[in-house]
Each structure stands twice: as C-alpha cells, then as structure tokens.
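Please look over the structure below and work through the questions that follow it. Each answer sets out its reasoning before it comes to the name or value asked for.

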Amino acid sequence: MPSSDVLTPAPSLQWQDENGVPHHLALTDKIFLGRVCRGIERDKCILVRNPMVSRDHAVVRLTRQGVEITDMSKNGTWINDVRMAPGASRRLADGDRITLGGTSIHISCPDLAAQREEENWMEQTAIRPSAVCITSLVADVRGFSAFSQKTDSALVYTLIKEIFSRFSTIVNEHQGTVKDYAGDAVFAFWEHPDGFSADQPLAACQAAISQLHSVPEIHRQLTDRGFPIPPPVLGWGLTTGQVTLSHYGSRSAGLALVGDCINLAFRLSSMANKTLPAPIVLCRETASRVMRKLPLVDLGDQEIRGRTGQEHLFGIQPA
C-alpha cells in the first residue's frame with residue numbers, strides 16, 4: 001500500500017477517572033478540560049471532579065501545526081510536571097502528560113503530516129511593532145517590602161488582591177487597560193487613537209483619583225473582616241508619551257509596551273507621597289492636557305533617580 005494511503009492514528013487523550021476506570025477520547029477538533037465545562041457536549045470534554053480544578057480549566061486543540069493546549073485556570077495546569085504560565089498556550093508532543101487537580105491526562109499524538117509552507121500563513125497572525133501614544137498610570141504600595149517582611153504571606157496576599165481587584169475595576173470603568181501587576185504595583189494605560197489628545201490623560205487622572213478615594217474603603221472592609229492591616233499608603237505616577245507596542249513571544253500575555261514614559265511613570269509612583277508632597281504625580285506632558293479641568297499643584301523641576309537632567313512635575317491633591 002502506498003505510504004500516502006496509510007491511515008495515521010488520530011491524536012487522543014487518555015486518562016483514568018477518580019475510580020481508576022481508563023478512558024480514551026479522540027481529538028478531532030477541541031477537547032475541554034474542567035470541573036464543569038458547562039454547555040460542552042459530553043464527548044468533547046474531560047470532567048475532573050476536584051475543587052482545585054476550574055470550571056473551565058483548559059482546552060486542547062488540534063491545529064494545522066499539531067496539538068496545542070491553552071490554560072484558562074486559576075490554580076494552574078502542569079505539562080510534564082512544569083507549571084504553565086497563566087493564560088499561556090503551548091504545543092504538545094506524543095507522550096506529554098497534562099496534570100490538573102491530581103489527574104494525569106496522557107497525549108497520544110503521532111507525528112502529523114507537515115503542512116505546506118503556503119498554508120502556514122492562514123494560521124499565523126503577523127505581529128508588527130507599532131508606535132502608539134499612551135498615557136500610563138502606575139499605582140505603587142508604600143512600604144510593601146517592610147510590610148511583607150513582618151506580616152504573614154496570606155495577609156499580604158489578601159491586601160494586594162483587594163487593591164488589585166478594586167483598582168482594575170476602576171481602570172476598566174474609565175476605559176483603560178490593565179497591563180501588568182508588577183509586584184506591589186498596578187500598571188495601566190490609555191491608548192490615544194489619533195495622536196495625543198486630552199481625553200485619555202483626563203480619564204487616567206480621574207481613575208487615579210478614584211483609586212485614591214477607594215483606599216480607605218478597602219482598609220475598612222478588610223478590618224471589618226478581621227484582618228489586622230495598617231492603612232495602606234500608595235503613590236501614583238502618570239505620564240504621557242510615545243511607546244512601541246508589540247509582543248514578546250506569541251501569546252497575548254506577552255503584550256509589550258516599551259518607552260521612556262513608562263519608565264518615568266514607575267519612577268514617579270515611587271516618589272509620590274514620599275519625596276514629593278502629592279499622592280498623584282504627573283509629568284509635564286500629562287499635566288498640560290488636564291490643567292484646565294483638574295486642580296494641579298506645580299512641583300517644579302525635580303531630579304529623578306536613574307535619569308539625567310530634571311523633569312518638571314505636577315501633583316494632584318484631591319479633596
């Protein structure tokens with residue numbers, strides 16, 4: 001029989017359920033992994049009855065390039081005992097082992113026929129660096145290292161989780177994008193669609209003011225729940241400038257924003273409410289676009305650690 005007529009076994013997933021019963025499921029398109037997988041046909045999902053498994057935990061796909069898994073979980077997915085990055089996707093090979101909630105799922109994935117080069121473009125999304133104008137917001141927790149050193153990690157986690165959650169909601173309400181949670185800081189940005197404008201800096205400043213006003217409420221709710229946390233103190237840095245937007249790697253979580261104004265925003269957040277007498281500090285570019293709508297305090301020319309020269313800064317002192 002000619003080699004082209006040989007039937008290659010379809011990729012499949014093999015596992016044992018909680019009772020030790022073996023199962024086998026052919027992969028023809030997608031297989032969903034999770035605790036519930038609501039709305040998915042029974043022959044298209046693998047249910048793992050474990051509270052550590054998310055309702056919709058991961059999805060395994062058959063693509064032109066092979067078999068791929070995407071993590072969607074809260075508690076993590078392991079491939080061959082290595083944790084996947086949250087939200088990441090990766091290629092699977094024959095014999096790989098997926099682990100979630102104590103259940104191991106083995107991949108049977110015979111070599112798939114190589115796709116013709118001219119077909120590859122249909123599956124690939126081109127990622128090109130582009131220059132964009134943005135306003136950056138960085139909110140930084142004061143004294144976080146000292147607080148973490150003398151406080152139980154579960155309490156530290158509770159505080160940071162509450163701050164990140166509330167601040168992210170505020171950013172979304174002001175049409176911004178949360179880019180990163182960097183240690184004890186939240187980094188968000190507002191993209192200017194047609195060059196520099198006043199709308200995005202104003203929205204970013206209003207978001208920072210709302211975040212500042214939310215801090216006492218966050219502290220009150222935590223203390224009411226019995227968490228002995230001192231009132232958190234934060235500083236905000238806002239800058240406006242041009243950056244390069246692209247990706248590091250191929251997954252959406254690798255979105256990259258690179259530019260001097262972002263570095264400056266982090267520096268300003270570390271100075272606000274500390275070496276500068278304002279909780280919210282703006283660069284001159286941001287201030288020039290909001291000064292007619294917000295009461296600003298002129299902080300003068302300031303030296304910035306790690307930078308040459310001086311920056312003319314402004315502050316917001318919300319009532």
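Helices (H or I, at least four residues) and strands (E, at least two) are DSSP runs, numbered from the N terminus. The model is a predicted one.

Q: In which element of the chain is confidence lowest, and in which is it highest?
A: Over the chain the mean pLDDT is 85, and 88% of the residues score at least 70. By element, confidence is lowest in helix H1 (residues 117-120), with a mean of 43, and highest, at 98, in strand E17 (residues 280-283).

Q: Over which residues does pLDDT stay under 50?
A: Where pLDDT is low, the predicted coordinates should not be read in detail. One such stretch has 3 contacts beyond four places in sequence in the model, and this is residues 1-8. Another has 8 contacts beyond four places in sequence, and this is residues 113-124.

Q: What is the strand order of the open sheet of 6 strands?
A: The pairing in this open sheet is antiparallel. Its edge strands, each of which pairs on one side only, are E2 (22-26) and E8 (82-83). Within the sheet, 2 bridges join strand E7 (residues 78-79) to strand E10 (residues 97-100), and Trp 78 stands opposite Thr 99 of E10. The full order reads E2-E1-E11-E10-E7-E8.

Q: Is Ser 12 buried or exposed, and with which residue does its side chain make a polar contact of 3.1 Å?
A: Ser 12 belongs to strand E1 (residues 12-16), and because its relative accessibility is 3%, under the 20% limit, it counts as buried. Beyond four places in sequence, Ser 12 touches Leu 25, Ala 26, Leu 27, His 106, Ile 107 and Ser 108 as well as His 24. The polar contact of 3.1 Å joins the side chain of Ser 12 to that of His 24.

Q: Why is strand E6 (residues 66-71) described as largely enclosed by the rest of the structure?
A: Strand E6 is joined to strand E5 (residues 58-63) by 6 antiparallel bridges, with a hairpin of 2 residues leading from E5 to E6 and Glu 68 as the bridge partner of Arg 61. E6 also pairs with strand E9 (residues 89-92) in the antiparallel sense over 4 bridges, where Ile 69 stands opposite Arg 90. The strand is called largely enclosed because, of its 6 residues, the number that are buried is 5.

Q: How far apart are the end C-alpha atoms of H3, and what span should its 21 residues have?
A: The N-terminal end of H3 is capped by Asp 152, a side-chain oxygen of which lies 2.9 Å from the backbone nitrogen of Ala 154. Among the buried residues of H3 are Leu 155, Ile 163, Phe 167 and Val 171. At 1.5 Å a residue, the expected span agrees with the separation of the end C-alpha atoms, so both come to 30 Å.

Q: Which residue just after H3 takes a positive phi, and is it buried or exposed?
A: The residue is found in the loop between helix H3 (153-173) and strand E13 (177-182), and its phi is near 60 degrees although it is not a glycine. Because its relative accessibility is 64%, it counts as exposed. The residue is Gln 175.

Q: Why does Cys 37 form no disulfide, and how many disulfides does the structure hold?
A: Cys 37 lies in the loop between strand E3 (30-34) and strand E4 (45-47), has a positive phi of about 55 degrees, and is buried, with a relative accessible area of 3%. Its closest cysteine sulfur is that of Cys 45, at 4.8 Å, which is too far for a bond. The sulfur of Cys 205 is likewise too far from its closest partner, in Cys 283, at 9.3 Å. The number of disulfides in the structure is 0.

Q: How far apart are the C-alpha atoms of Val 233 and Phe 144?
A: Val 233 sits in the loop between helix H4 (199-224) and strand E15 (234-247), and at 38% relative accessibility it counts as partly exposed. Beyond four places in sequence, Val 233 is in contact with Asp 140, Val 141, Arg 142 and Asn 273. Val 233 and Phe 144 are 89 residues apart along the chain, and their C-alpha atoms are separated by 9.4 Å.

Technical notes. Residues are numbered from 1 along each chain as its sequence is written. This is a predicted model: local features need pLDDT of at least 70, side-chain atom pairs count only at pLDDT 80 or more; totals for chains, interfaces and linings use all residues. Side-chain values use heavy atoms; hydrogens and water are left out. Two strands pair if DSSP finds at least two bridges between them. Buried means under 20% relative accessible area, exposed over 50%, partly exposed in between (1.4 Å probe, protein chains only). A polar contact is a pair of N or O atoms within 3.5 Å; within protein, one must be able to donate a hydrogen and the other to accept it, and residues adjacent in sequence count only if both atoms are side-chain atoms. Contact means heavy atoms within 4.5 Å. A disulfide is a pair of cysteine sulfur atoms within 2.5 Å. pLDDT is the predictor's confidence in each residue, from 0 to 100. The expected span of a helix is 1.5 Å times one less than its number of residues.
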